[in-house]
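Biologist: I am new to this structure and should be grateful for a close look at a single part of it. Please set that part in the context of the whole.

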Amino acid sequence: MRGLTRSRDAAIEVLAREGARGLTFRAVDAEAAVPAGTASNYFTSRDALLTQAGARVYERLQPDDATIARQRAAGRDRETYVVLMRELVGRVAAFRTGYLALLELRLEATRRPELRKVLTERVRADVDANVAYHEASGLPGDAMAVKLLILTLNWLIVEQLTLPDVFTEAEREQLVTAAVERIVAER
């Protein structure tokens, strides 16, 4: 299992650094520092490698149990929502290569119907899970607010990771606050 995880993590790094075209079994083996041919033992095809790399990004982006417990114990107002969204943006931005790998996978999915199908299902499930978590949390706002925040904050993260000097850190925090305040209605 450790070897599979290591290869999936290596695929993320290769995707982020070299793009989908640079993602080969040989490149994954080199990145993972394992013998040549190791990745081909874990993945039946390049499509499987792409799909597994994407799944691993989502695994690594999940908050840990302590974070979830703290969030569940937090307040139920917009100020708390702002804090949660700032933490989310920070967690995603901290895994720079993972997010960049997801962007590469999305671009590659425009050319690979099977990958598009898998990513569409995964992203849809992620949106649904976020809406369900939100509805169970008692935080203000509705399902539409959650979806609008996902779209808004995703692009803020893209800016932060690809052109980090467009907005200062203070501006990014102000943008998160403004997004929550303008999108999320008080209950």
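Which side chain meets that of aspartate 9 in a salt bridge?

Modeller: The side chain of arginine 56 meets that of aspartate 9, with 2.7 Å from N to O. Please bear in mind that this is a predicted model. The pair links distant parts of the chain, since aspartate 9 lies in helix 1 and arginine 56 in helix 4, 47 residues apart.

Arginine 56 also forms a salt bridge with glutamate 59, and here the closest N and O atoms are 3.2 Å apart. This second pair lies within helix 4: the two residues are 3 apart, and therefore separated by about one helical turn. An α-helix has 3.6 residues a turn, so residues three or four places apart point the same way. The two partners differ in their surroundings: arginine 56 is buried, because its relative accessible area is 15%, under the cut-off of 20%, whereas glutamate 59 is partly exposed, at 41%. Both belong to a network of salt bridges that links Arg8, Asp9, Arg56, Glu59 and Arg60.

Helix 4 itself comprises 16 residues, 46-61. At 1.5 Å a residue it should span 22 Å, and its end C-alpha atoms are 23 Å apart, so the two values agree. Besides Arg56, its buried residues are Leu49, Leu50, Ala53, Gly54, Val57, Tyr58 and Leu61. The cover over these buried residues includes helix 1 (2-18) and helix 2 (25-32). It also includes helix 6 (78-94), helix 7 (96-109) and helix 8 (113-137).

One of these covering elements, helix 8, offers another salt bridge within a helix. There the side chains of glutamate 121 and lysine 117 meet, at 3.1 Å from N to O. These residues are 4 apart in helix 8 and therefore separated by about one helical turn. Glutamate 121 is partly exposed, with a relative accessible area of 44%, and lysine 117 is likewise partly exposed, at 47%. In total, the structure holds 13 salt bridges.

As for the wider setting, the protein chain has 10 helices and 0 strands. Of its 187 residues, 40% are buried. Among contacts with a separation of 6 or more, 68% are between residues 24 or more positions apart. The chain carries 27 positive and 27 negative charges, whose mean positions are 4 Å apart. Its C-alpha atoms fill a box of roughly 55 × 35 × 30 Å along the principal axes.

Definitions and conventions. Residues numbered from 1 in each chain as written. Predicted model: local features only at pLDDT ≥ 70, side-chain atom pairs only at ≥ 80, totals over all residues. Heavy atoms only, no water. Expected span 1.5 Å × (residues − 1). Buried < 20%, exposed > 50% of the residue type's maximum accessible area, 1.4 Å probe, protein only. Contact = heavy atoms within 4.5 Å. Lys, Arg positive; Asp, Glu negative; His and termini not counted. Charge placed at Lys NZ, Arg CZ, Asp CG, Glu CD. Salt bridge = Lys/Arg side-chain N within 4 Å of Asp/Glu carboxyl O.
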